[in-house]
Amino acid sequence: MKLNTSIDGIAVGTNILDIEVPEALRKRHPSGLKFFDDALGGKGFTPSAVGMFTGTPGAGKTTMMLNLANSLQGHGAQVVFNTAEESLHQVKLTCDRLKLRHSFMVGGEDNVQTLLKGCDKIRTHQKYKKRPFFLIIDSLQCMSDGYFKSGRITSATAERSLQLLTAYAKEHAVNIIVIG
């Protein structure tokens, strides 16, 4: 699904009651984790939203996001957990330790543009087309937007990467959660 999320036709000063919300954005998707859904207003994720999940090193961000990926997949979503920080072997070991049982997809891509092209292939595949799509990225500071040919990463790289991810989420009505 590709949405027209342009606000070109909505001038500053438009009455909020006159704005029409696309039907695809009205369908909330519960995570299956009550504490998480409660934090999102009680009904789950709104399509096209990007969330940032932060915390101190070792606080359990990756563990919580793996549990979220497992639960979302078990509740009908198609989830891709992309790690540019840990190896896929480390992620698998954590999944084994947590005894996760739903087979979400993984990736180890550190370039945002390449990652999103891979997500397009998954998202538009006949088997996954009708499912809500979630991309979880571990972690933002390890991602490159391709601006520097050398692969160098700066604080501006994270900003540009987040802009690309946000535009993608809005355009395709998908959810992206970024660990940062």
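The exercises below work through a predicted model of one protein.

In this predicted model, local features need pLDDT of at least 70 and side-chain atom pairs count only at pLDDT 80 or more, while totals for chains, interfaces and linings use all residues. Residues are numbered from 1 along each chain as its sequence is written, and side-chain values use heavy atoms, with hydrogens and water left out.

**Exercise 1. Overall layout**

Task: State which elements the protein has, in what order they run, and how its radius of gyration agrees with that of a compact globule.

Solution:
- Step 1. The protein has five helices and five strands. Helices (H or I, at least four residues) and strands (E, at least two) are DSSP runs, numbered from the N terminus.
- Step 2. From the N terminus, the order is α-β-α-β-α-β-α-β-α-β.
- Step 3. A compact globule of 180 residues would have a radius of gyration near 16 Å, and the 17 Å of the protein agrees with this. The radius is taken over C-alpha atoms, and the globule rule is 2.2 Å times the number of residues to the power 0.38.
- Step 4. The C-alpha trace spans about 50 × 40 × 35 Å along its principal axes.

**Exercise 2. The nonpolar cores**

Task: Find which residues of the largest nonpolar core touch the most other members, and which element gives the largest share.

Solution:
- Step 1. A nonpolar core is a set of buried Ala, Val, Leu, Ile, Met, Phe, Trp, Tyr and Cys residues joined through side-chain atoms within 4.5 Å. Buried means under 20% relative accessible area, exposed over 50%, and partly exposed in between (1.4 Å probe, protein chains only).
- Step 2. The largest core has 19 residues, and M65, L68, V79, F104 and I136 touch the most other members.
- Step 3. Two or more residues each come from α2 (61-74), β2 (78-83), α3 (88-98), β4 (133-138) and β5 (175-179). The largest share, five residues, is from α2.
- Step 4. A second, separate core has 17 residues, including L135, L165, V174 and V178.

**Exercise 3. The two sides of α4**

Task: Explain why the buried residues of α4 line one face of the helix.

Solution:
- Step 1. Helix α4 covers residues 112-124. Its buried residues are V112, L115, L116, C119 and R123.
- Step 2. Seen down the axis of α4, these residues fall within an arc of 95°, so they line one face. The arc is that of the directions from the helix axis to the C-beta atoms.
- Step 3. An α-helix has 3.6 residues a turn, so residues three or four places apart point the same way.
- Step 4. The face turned away from the buried side carries the exposed residues K117 and K121. Cover for the buried residues includes β2, β4 and α5 (155-172).

**Exercise 4. S31 and A49**

Task: For S31 and A49, decide whether each is buried, partly exposed or exposed, and list what each touches.

Solution:
- Step 1. S31 lies in the segment before α1 (34-39). At 0% relative accessibility, S31 counts as buried.
- Step 2. Contact means heavy atoms within 4.5 Å. Leaving out residues up to four places away in sequence, S31 touches F36, D37, F45, L68, S71, L72 and H75.
- Step 3. A49 is in the loop between α1 and β1 (50-53). Its relative accessibility is 35%, so A49 counts as partly exposed.
- Step 4. With residues up to four places away again left out, A49 touches A169, V174, N175 and I176.

Methods:
Expected span 1.5 Å × (residues − 1).
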